[in-house]
Every structure is written in structure tokens, then in C-alpha cells.
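Looking at a structure for the first time, you may wonder where all the labels come from. Let's go through some of them, one question at a time.

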Amino acid sequence: KRIHTVRTRGGNSKYRALRLDHGNYAWASEGCTRKTRIIDVVYNASNNELVRTKTLVKNAIVLIDATPFKQWYYAHFGVALGKKKGKKDISDEDTTKRSASVKRKQESRKKGTSRVDQKIDEQFATGRVLACISSRPGQSGRCDGYILEGKELDFYQRKLKARKGK
């Protein structure tokens with residue numbers, strides 16, 4: 001993490017992020033935000049050079065680590081994300097001790113919510129999730145954003161697939 005302070009007009013300051021490895025990312029449909037590791041820059045609409053040099057700018061599409069979100073989902077709902085349907089693990093059997101009140105909460109949450117979208121679940125199986133940067137790292141010194149979902153995720157997955165085909 002390398003951030004320079006830049007003096008601006010009026011004696012104010014900007015924080016120019018030159019190298020970042022972590023950011024705060026939101027999972028909007030679940031209402032969950034976690035600090036997670038930035039793995040790679042995979043797409044930028046403005047310039048492919050920014051992808052090649054792994055430059056973090058606003059609206060760049062990045063791969064982030066899915067582990068903090070998986071852990072939160074398991075603690076909140078008691079269901080492991082990104083599991084293959086046919087495979088059984090040792091972790092499938094409930095070996096963690098939980099109080100009766102926690103079990104009741106998790107059961108009520110399972111009933112009241114819809115399942116995670118299949119495309120997002122596939123990403124969780126790989127341990128990496130596509131996200132968009134919504135802050136301006138060169139101005140604020142932070143790299144925050146949100147996990148891609150729905151039509152936006154479909155759009156960027158098509159773009160990435162077309163780029164791999166070339």
C-alpha cells in the first residue's frame with residue numbers, strides 16, 4: 001500500500017493511491033460490506049493499457065477475494081456458498097457448536113430469503129468475485145466498490161469472454 005499526499009488549491013490535500021492491495025466492497029443484495037483483497041484488474045472500458053498495467057481507476061472491473069463474504073454468509077445463514085452439488089465434504093456435517101438462539105435465527109433467515117444467483121454462486125466456488133470500483137483511488141487514496149450482480153454481471157462476463165476469444 002503506497003499513498004502519496006498531494007497539496008492542492010487552497011492548501012487542501014488529495015491522497016494519491018499509487019499501489020493498493022485491499023479495498024472495502026459491498027454486496028448490495030445481501031446488505032453486506034467487507035474489507036477484502038484485490039487480486040487483479042480484468043477489464044476497463046476506457047483503455048486496455050490500464051488493464052495491462054493493472055491501474056486502479058473508477059469503474060475498472062477487478063477480481064476480489066471471496067473469502068470474507070463466504071464467511072459472513074455462512075455465519076449469517078448457516079449455508080456454505082460455492083459448493084458443488086454432488087460433492088460431500090467433512091465440513092458438510094455441522095461440527096461447529098452453536099447456541100439454540102443462533103440456530104433459530106439461521107433457520108428463520110433461510111426461510112425468509114431467496115437463494116443467491118447461480119452466476120454469483122459459481123464465482124464463489126472459484127474463490128474470486130468480479131467487482132466494480134466506485135471510488136476514485138487517485139483522488140481519495142481508497143479503492144472501494146461493489147460486487148457485480150444481475151444484468152451488469154452478465155454484461156461484463158460477455159465482454160471478458162469476447163476478449164478471451166480474440
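What follows is a set of questions and answers on this predicted model.

Q: What makes up the protein chain, in terms of helices and strands?
A: The protein chain has six helices and seven strands. Going along the sequence, they come in the pattern β-β-β-β-α-β-α-α-α-β-α-β-α.

Q: How much of the protein chain is buried?
A: Of its 166 residues, 33% are buried. As for the outside, the protein chain exposes about 10,900 Å², and carbon and sulfur atoms supply 48% of that.

Q: Why is cysteine 32 called buried or exposed?
A: Buried means a relative accessible area under 20%. Cysteine 32 has 2%, so it counts as buried. You'll find this residue in strand 4, which covers residues 32-43. Setting aside neighbours within four places in sequence, cysteine 32 is in contact with Tyr25, Ala26, Trp27, Phe69 and Trp72. Cysteine 32 and tyrosine 146 are 114 residues apart in sequence, and their C-alpha atoms are 10.0 Å apart in space.

Q: How do you know whether aspartate 144 is buried or exposed?
A: Use that cut-off again: under 20% is buried. Aspartate 144 comes in at 18% relative accessibility, so buried is the word. Its place is in the loop between helix 5 (137-140) and strand 7 (145-147). Leaving out neighbours within four places in sequence, the contacts of aspartate 144 are Gly23, Asn24, Tyr25, Cys132, Ile133, Ser134 and Ser135.

Q: Why are lysine 54 and asparagine 59 given the label they have for exposure?
A: Exposed means over 50% and buried means under 20%, with partly exposed in between. Lysine 54 has a relative accessible area of 48%, so it is partly exposed. Asparagine 59 has 42%, so it is partly exposed too. Lysine 54 sits in the loop between helix 1 (48-52) and strand 5 (61-65), and asparagine 59 is found in the loop between helix 1 and strand 5 as well.

Q: What is there to say about phi in lysine 54 and asparagine 59?
A: Phi of lysine 54 is near 55°, a positive value in a residue that isn't glycine. For asparagine 59, phi is near 70°, again positive in a residue other than glycine.

Q: What makes arginine 128 buried, exposed or partly exposed?
A: Its relative accessible area is 41%, between the 20% and 50% cut-offs, so arginine 128 is partly exposed. Arginine 128 lies in strand 6. Beyond neighbours within four places in sequence, arginine 128 is in contact with Ile39, Leu63, Ile64, Ala66 and Gln123. Arginine 128 and aspartate 65 are 63 residues apart in sequence and 5.0 Å apart in space, C-alpha to C-alpha.

Q: How do you know where the buried residues of helix 2 lie around its axis?
A: The buried residues of helix 2 are Pro68, Phe69, Trp72, Tyr73 and Phe77. Seen down the axis, they fall within an arc of 135°, so they line one face of helix 2. On the other side of helix 2, Gln71 and Ala75 are exposed. Just after helix 2 comes glycine 78, with a positive phi of about 75°.

Q: Why are the buried residues of helix 4 placed as they are around its axis?
A: In helix 4 (residues 118-126), Ile120, Asp121, Gln123 and Phe124 are buried. They cover an arc of only 155° around the axis, so they are on the same side of helix 4. The face turned away from that buried side carries the exposed residues Gln118 and Thr126. The buried residues of helix 4 pack against strand 3 (22-27), helix 2 (67-77), strand 6 (128-133) and helix 6 (150-165).

Q: What are helix 4 and helix 6 called in terms of their directions, and why?
A: Helix 4 and helix 6 pack at an angle of about 60°, with their axes 10 Å apart. Under 35 degrees would be roughly parallel, and 65 to 115 roughly perpendicular. The angle falls in neither range, so helix 4 and helix 6 are oblique to each other. By class, their contact has two nonpolar, two polar and two charged residues. Lys119, Ile120 and Gln123 in helix 4 meet Leu153, Asp154 and Gln157 in helix 6.

Note on methods. Residues numbered from 1 in each chain as written. Predicted model: local features only at pLDDT ≥ 70, side-chain atom pairs only at ≥ 80, totals over all residues. Heavy atoms only, no water. Helix = DSSP H or I, 4+ residues; strand = E, 2+ residues; numbered from the N terminus. Buried < 20%, exposed > 50% of the residue type's maximum accessible area, 1.4 Å probe, protein only. Contact = heavy atoms within 4.5 Å. Areas by Shrake-Rupley, 256 points an atom, 1.4 Å probe, with all protein chains shown as cover. Arc of directions from axis to C-beta. Axes fitted to C-alpha atoms, helices over the stretch in contact; angles between N-to-C directions. Parallel < 35°, antiparallel > 145°, perpendicular 65-115°, else oblique. Nonpolar A, V, L, I, M, F, W, Y, C, P; charged D, E, K, R; others polar.
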